Amino acid sequence: MNKIIIWCLPALLLFLQYCHTGTKVAPSPNGIAYMPEYKNWQVINVEHRTDNKTLRIIYGNAVAVRAIRSKHTHPWPDGAILAKAVFGAVVDSNGMYTPGDFQQVMFMVKDSQRYQATLGWGWARWKGLDPKPYGRNATFTNECTSCHLPQKNRDYVFTDPKLIF
């Protein structure tokens, strides 16, 4: 299965280059700004979720990449940012997974002081090709923290970081 995902990665990366609208994107309800430059960050993993039929590319900014290289991700350092681009997973007639429609991008911004009330992370999500911030108000982060809480011993991060390229 992982070989199939890795095989599809170049197509996913190419597809991502076309997901930028060029227009100003509103910040998340908790004030986190949209970061279109995530597409230029290092890919740190690729995931296929069968439960919701999605393919995901996880990126890390320079701080996150340094933390991975030095094996200092428990906890992640302040300034680390992880971005997860999510696509629908399409299975062709040969059983190969390819990216479908872009669905959303999610960010985790590590700042243990500023985001102390939300497990040390700032959470943000934008949906669609014309990115719209998710959540009516800042309490949307309760969804994020409750989902990530079981990953406490991994600093609330599901992704097993690996430097892909």
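Biologist: Let's start just past a helix: α2 is followed by Lys-71, whose phi is positive, near 60°. What makes that value of phi stand out in Lys-71?

Modeller: This is a predicted model, and in it Lys-71 has its positive phi of about 60° although the residue is not a glycine. Lys-71 belongs to the loop between α2 and β3.

Biologist: Why does Lys-71 count as exposed?

Modeller: The cut-off for exposed is over 50% relative accessible area. Lys-71 has a relative accessibility of 72%, so the residue counts as exposed.

Biologist: What is special about the peptide bond from His-74 to Pro-75?

Modeller: Its omega is near 5°, and the bond is cis. Like Lys-71, which sits in the loop between α2 and β3, Pro-75 has its place in the loop between α2 and β3.

Biologist: Back to the helix, then. Which residues of α2 (residues 62–69) are buried, and how do you know that they line one face?

Modeller: The buried ones are Ala-64, Val-65, Ala-67 and Ile-68. If you look down the axis of α2, these buried residues fall within an arc of 160°, so they line one face of the helix. On the face turned away from the buried side you find the exposed residues Arg-66 and Arg-69.

Biologist: What covers the buried residues of α2?

Modeller: The cover includes the strands β1, β2 and β3.

Biologist: Those strands make me curious. How are the strands of the sheet ordered, and why are β1 and β6 said to stand at the edges?

Modeller: There are 6 strands in an open sheet, in the order β1-β2-β3-β4-β5-β6, and the pairing is antiparallel. β1 and β6 (132–133) each have a single partner strand, so one side of each is left without a neighbour in the sheet.

Biologist: What makes β5 and β6 a pair?

Modeller: Two strands pair if at least two bridges are found between them. β5 and β6 run antiparallel and are joined by 2 bridges, so they meet that cut-off. One place to look is Lys-127, whose bridge partner in β6 is Lys-132.

Biologist: And at the other edge, how many bridges join β1 to β2?

Modeller: There are 7 bridges between β1 and β2, which run antiparallel. Asn-45 stands opposite Ile-58 in β2. The hairpin of β1 and β2 has 4 residues between the strands, and in this hairpin Lys-53 takes a positive phi near 55°.

Biologist: Is β1 largely enclosed or left open, and how do you know?

Modeller: Of the 8 residues of β1, 7 are buried, so the strand is largely enclosed by the rest of the structure.

Biologist: Which residues touch the most other members of the largest nonpolar core?

Modeller: They are Tyr-38, Trp-41, Tyr-59, Val-105, Phe-107 and Trp-126, out of 21 residues in that core. The elements giving two or more residues to this core are β1 (42–49), β2 (54–60), β3 (81–91), β4 (97–110) and β5 (121–127). A second, separate core has 15 residues, including Ile-58, Ile-68, Trp-123 and Tyr-156.

Biologist: What does Trp-41 touch, leaving aside its neighbours within four places in sequence?

Modeller: Trp-41 is in contact with Met-35, Tyr-59, Gly-60, Asn-61, Ile-81, Ala-83 and Phe-107.

Biologist: Now Asp-155, in the segment after α3 (141–148). Why is Asp-155 called buried or exposed?

Modeller: Buried means under 20% relative accessible area. Asp-155 has 9% relative accessibility, so this residue counts as buried.

Biologist: What makes the link between the side chains of Asp-155 and Lys-110 a polar contact?

Modeller: A polar contact is a suitable pair of N or O atoms within 3.5 Å. The polar contact joining the side chains of Asp-155 and Lys-110 is 3.0 Å. Leaving aside neighbours within four places in sequence, Asp-155 is in contact with Thr-73, Pro-75, Trp-76, Lys-110 and Trp-121. Asp-155 also has a positive phi, near 55°, in a residue other than glycine.

Biologist: How confident is the predictor along the chain?

Modeller: The protein chain averages a pLDDT of 89, and 85% of the residues score at least 70. Among its elements, helix α1 (residues 2–16) has the lowest mean pLDDT, 53, and β5 the highest, 98.

Technical notes. Residues are numbered from 1 along each chain as its sequence is written. This is a predicted model: local features need pLDDT of at least 70, side-chain atom pairs count only at pLDDT 80 or more; totals for chains, interfaces and linings use all residues. Side-chain values use heavy atoms; hydrogens and water are left out. A nonpolar core is a set of buried Ala, Val, Leu, Ile, Met, Phe, Trp, Tyr and Cys residues joined through side-chain atoms within 4.5 Å. Buried means under 20% relative accessible area, exposed over 50%, partly exposed in between (1.4 Å probe, protein chains only). Contact means heavy atoms within 4.5 Å. A polar contact is a pair of N or O atoms within 3.5 Å; within protein, one must be able to donate a hydrogen and the other to accept it, and residues adjacent in sequence count only if both atoms are side-chain atoms. The arc is that of the directions from the helix axis to the C-beta atoms. pLDDT is the predictor's confidence in each residue, from 0 to 100.
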